[in-house]
Amino acid sequence: MKIKIINRSQNPMPSYATSQSAGMDLRANLSEPVVLKPLERRLIPTGLFMALPAGYEAQVRPRSGLALKHGITVLNTPGTIDADYRGEVGVVLINLSNQDFTVNNGERIAQMVIAKHETAEIIEVETLDETERGAGGYGHTGVK
């Protein structure tokens, strides 16, 4: 699959770190560092604009190292970039730690996974088929 990307940053294009990586790193495109205070969230620009094929989305996900080491994650994870979106790709970061965190230009802040999706046809009905679970909610199936 080929994805057209405009890169208006000075950072490298997104790429896979290994031949079997699912995600490509996204980097911050900043004119100056951004300090995220504890529990603060900010939209961090990447300088990337893309055109995805119809039937695909780009999912923006946290980087496990930032989450584990610094408590930094993507707030709306996974964030979805639709195939018809042509604006700049941004990453909503939040600092869940109790210490300030500085985001620097070029820093790897998230990963992007390209995923195929289906477009559903919604059919309004009056009843649904019965299942063993039925209407059981969260935690209904118990702990095994």
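What follows is a walk through this structure, from its overall fold to its core and one patch on its surface.

The model is predicted, so local features need pLDDT of at least 70 and side-chain atom pairs count only at pLDDT 80 or more, while totals for chains, interfaces and linings use all residues. Residues are numbered from 1 along each chain as its sequence is written, and side-chain values use heavy atoms, with hydrogens and water left out.

The protein chain holds one helix and 11 strands, where helices (H or I, at least four residues) and strands (E, at least two) are DSSP runs numbered from the N terminus. Read from that end, the elements run β-β-β-β-β-β-α-β-β-β-β-β. Along its principal axes, the C-alpha trace of the protein chain spans about 55 × 40 × 30 Å.

Buried residues, meaning those under 20% relative accessible area (exposed is over 50%, partly exposed in between; 1.4 Å probe, protein chains only), make up 32% of the 144 residues. The largest nonpolar core has 26 residues, and those with the most contacts inside it are L26, I44, V91, L93, V103 and I109; such a core is a set of buried Ala, Val, Leu, Ile, Met, Phe, Trp, Tyr and Cys residues joined through side-chain atoms within 4.5 Å. The strand β11 gives the most to this core, with four residues. Not counting residues up to four places away in sequence, V91 touches (heavy atoms within 4.5 Å) several residues, including L26, I44, V60 and I109.

At the surface, I123 lies in the segment after β11 (108-116) and is exposed, with a relative accessible area of 60%.
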